[in-house]
Amino acid sequence: MSVNRLSRAALVAFLLAVAALHILRPEMDPARRYLSEYAIGRWGLLMTAAFFCVAVGAGALAVGWGRRRDPLARVAAAALLLYAGGMALAGIVPEGPLHNGGALAAFPAVVVALFAVAGVRRSLLGALLALAAAVALAVLVDAAATGSVPIGLAQRAFVLLHVAGLLAAGSERP
């Protein structure tokens, strides 16, 4: 299996697991709860598996992009590895400062990776996805700090946008 296929399969599995959790845990208000909260309690193993899926998906992309000689591709690979590590840490530690630290490192790293991939490919779609993910991350940070928008919605927008960007990054041979 190629790294791009592995990445796509793992990222789609992540999205399916998260979607299933919204159905399996109807008591959780998706507008107001972090995705990580699904890792605690009933069906928690599914969210843990989802974290590992997204980590594997990003790690596979990092391998593919790291094979290129282009310095910007290497930036993408390094940022993808940092993101993958943060998501794996989120799967290992479901809550607390270590979990939050992994997310604080991972989220900006994935935005850097998306911009780097868009730069290598000279892709307008990639650049727009990276920009949208960056804006969504800024909204997420603002929501966490001020409550300006429901935190769950802000996080889900960021997740959907950056995972779409990751899927696009692996959509063809890096």
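## Exercises on a predicted model

Arg25 touches Glu37, Tyr38, Ile40, Gly41, Arg42 and Trp43, leaving aside residues up to four places away in sequence. The model you are looking at is predicted, and Arg25 is a good place to start.

**Exercise 1.** Work out where Arg25 lies and whether Arg25 is buried or exposed.

*Solution.*
- Step 1: Find the element. Arg25 sits in the loop between α1 and α2.
- Step 2: Apply the cut-off. A residue is buried when its relative accessible area is under 20%. Arg25 has 7%, so Arg25 is buried.
- Step 3: Look for a polar partner. A polar atom of the Arg25 side chain lies 3.3 Å from the backbone oxygen of Ile40. Ile40 is also among the residues that Arg25 touches.

**Exercise 2.** Do the same for Met28, then find how far Met28 is from Ala9 in space.

*Solution.*
- Step 1: Met28 is found in the loop between α1 and α2.
- Step 2: With a relative accessible area of 5%, Met28 is buried.
- Step 3: Not counting residues up to four places away in sequence, Met28 touches Arg33, Glu37 and Tyr38. Glu37 and Tyr38 are also on the contact list of Arg25.
- Step 4: Now go from C-alpha to C-alpha. Met28 and Ala9 are 27 Å apart in space, with their positions 19 residues apart in sequence.

**Exercise 3.** Describe the largest nonpolar core: how many residues does it have, and which helix gives the most?

*Solution.*
- Step 1: The core has 51 residues. Met47, Trp65, Tyr83 and Phe158 have the most contacts inside it.
- Step 2: Go through the helices. At least two core residues come from each of α1 (3-24), α2 (44-66), α3 (71-92), α4 (97-121), α5 (124-146) and α6 (151-169).
- Step 3: α4 gives the most, with 11 residues.
- Step 4: Set this in context. In soluble globular proteins, nonpolar side chains tend to be buried together.

**Exercise 4.** Characterise the largest pocket by its volume, its lining and the classes of its lining residues.

*Solution.*
- Step 1: The volume is about 580 Å³.
- Step 2: The lining is made of 29 residues, and Tyr34, Asn100, Ala103, Phe107 and Gln155 are the closest to the pocket centre.
- Step 3: α2, α3, α4, α5 and α6 are the elements that give two or more residues to this lining. The largest share, 6 residues, comes from α4, the helix that also gives the most to the core.
- Step 4: Sort the lining by class, and you get 21 nonpolar, 6 polar and 2 charged residues.

Conventions:
Residues numbered from 1 in each chain as written. Predicted model: local features only at pLDDT ≥ 70, side-chain atom pairs only at ≥ 80, totals over all residues. Heavy atoms only, no water. Core = buried A, V, L, I, M, F, W, Y, C linked by side-chain atoms within 4.5 Å. Buried < 20%, exposed > 50% of the residue type's maximum accessible area, 1.4 Å probe, protein only. Helix = DSSP H or I, 4+ residues; strand = E, 2+ residues; numbered from the N terminus. 1 Å grid on protein atoms, 1.4 Å probe; cavity = no way out; pocket = protein on both sides within 12 Å on 5 of 7 lines; lining within 4 Å. Points joined across faces, edges and corners; volume = space filled by probe spheres on them. Nonpolar A, V, L, I, M, F, W, Y, C, P; charged D, E, K, R; others polar. Polar contact = N/O pair within 3.5 Å; in protein donor to acceptor, adjacent residues only side chain to side chain. Contact = heavy atoms within 4.5 Å.
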